[in-house]
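The following exercises invite the reader to examine a structure step by step. Each task is followed by a worked solution.

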Amino acid sequence: MVPLSYYLVLSAILFSLGVAGFIFKRNLVTLFMSVELMLNAVNLSFVALSYYFRQLDGQIFVFFVMVVAAAEAAVGLAIIISVFRNRQTLNVDEISLLKL
Amino acid sequence: MYEILFFVFAAAAVGFAINLLVQRHPIYGAISLIGVMASLASLYLMLGAEFIAAVQVIVYAGAIMVLFVFVIMLLNAGVEERTNRSRMAKQLGAPLVVLLLGLLTSLVYRNFPPDAAVRFGDFPGQTADIGRRLYIYYMLPFEVVSILILVAIVGAVVLAKKET
């Protein structure tokens, strides 16, 4: 028997680590992976609350979050490939202009 | 028993997430993110969400992370180099992250009493119930999301295509 708050605090810790990665990392691919980490943290709290309230809707929302994350990853990685082809770098400090 | 399993998988998830921050090469970050997702799948299994655990392993750790690793290897991205980045991000970032964590934790402890516990093994929801709910109450979002993923695939092909 684990208190519900443990699950929610674990979710908060993972979300904060994702935010820290988004702030401190400089690589474009790593920034995308930090966003995925934040989405996973929110999914954990969805599942835990779905269990606590005995409602299945939370798990269905996790399913939708996963589908949208898959679409976001496909488009985002295509954008990363296109940016790398034009700039030859993945460092976000050097990608500050939309124009070439 | 459940407490021990919870703490083992929670420690694994946090450790892999910290490893994602520490590693400088993106391929090691991708590997540790796969570790985070596997630990979270075990936690979902302990919460009685078998369907979500299976989808987590198949879609996230399988499909999305393969896409990430494939892109990292395709671009031959090296170690991220240190640059003279924005000083505001460096100095304001860490306090703000700690503040966010403290805020979320205090919110959790204020709204959920410590006796609000998760008892294992008595969850009524099965995969068939999720499917029934998904196709009766969530029919429209399901169809909209299928259109969304079709558009995303077409957009990704157009964006990544070589210009001739």
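**Exercise 1: An arginine in a loop**

The side chain of Arg26(A) reaches the backbone oxygen of Ile23(A) at 3.0 Å in this predicted model. Task: determine where Arg26(A) is found, and decide whether Arg26(A) counts as buried or exposed.

Solution. Begin with the position: Arg26(A) lies in the loop between H1 and H2 of chain A. Next, consider the relative accessibility, which is 13% for Arg26(A). The limit for a buried residue is under 20%. Arg26(A) therefore counts as buried.

**Exercise 2: Two residues with positive phi**

Task: state what value phi of Arg54(A) is near, and do likewise for Gln88(A). Then classify Arg54(A) by its relative accessible area, and classify Gln88(A) in turn.

Solution. Start with Arg54(A), whose phi is near 60 degrees, a positive value in a residue other than glycine. Arg54(A) sits in the loop between H2 and H3 of chain A. Because its relative accessible area is 35%, Arg54(A) is partly exposed.

Continue with Gln88(A), where phi is likewise positive and near 60 degrees, again in a residue other than glycine. Gln88(A) belongs to the segment after H3 of chain A. The cut-off for an exposed residue is over 50%; Gln88(A) has a relative accessible area of 56% and is therefore exposed.

**Exercise 3: The interface of chain A and chain B**

Task: describe how many residues each chain brings to the contact, and how much area the chains bury between them.

Solution. First, the residues: 72 come from chain A and 85 from chain B. Second, the area: the two chains bury about 7400 Å² between them, with 77% of it on carbon and sulfur atoms. Of the area that chain A buries against chain B, Met1(A), Met33(A) and Tyr51(A) supply 11%, more than any other three residues.

**Exercise 4: Polar links and the elements involved**

Task: identify which residues form the salt bridge across the interface, and which element gives the most to the side of chain A that touches chain B.

Solution. The rule finds one salt bridge across the interface of chain A and chain B. Asp57(A) and Arg133(B) form a salt bridge, with their closest N and O atoms 3.3 Å apart. Nine residue pairs in polar contact are also found across the interface.

Turning to the elements, strand E1 (2–3) and helices H1 (4–24), H2 (28–53) and H3 (57–87) of chain A each supply at least two residues of the side that touches chain B. H3(A) gives the most, with 24 residues. By residue type, this side of chain A divides into 52 nonpolar, twelve polar and eight charged residues.

Terms used: Residues numbered from 1 in each chain as written. Chains lettered and ligands numbered in written order. Predicted model: local features only at pLDDT ≥ 70, side-chain atom pairs only at ≥ 80, totals over all residues. Heavy atoms only, no water. Contact = heavy atoms within 4.5 Å. Buried area = accessible area lost by both parts, 1.4 Å probe. Salt bridge = Lys/Arg side-chain N within 4 Å of Asp/Glu carboxyl O. Polar contact = N/O pair within 3.5 Å; in protein donor to acceptor, adjacent residues only side chain to side chain. Helix = DSSP H or I, 4+ residues; strand = E, 2+ residues; numbered from the N terminus. Nonpolar A, V, L, I, M, F, W, Y, C, P; charged D, E, K, R; others polar. Buried < 20%, exposed > 50% of the residue type's maximum accessible area, 1.4 Å probe, protein only.
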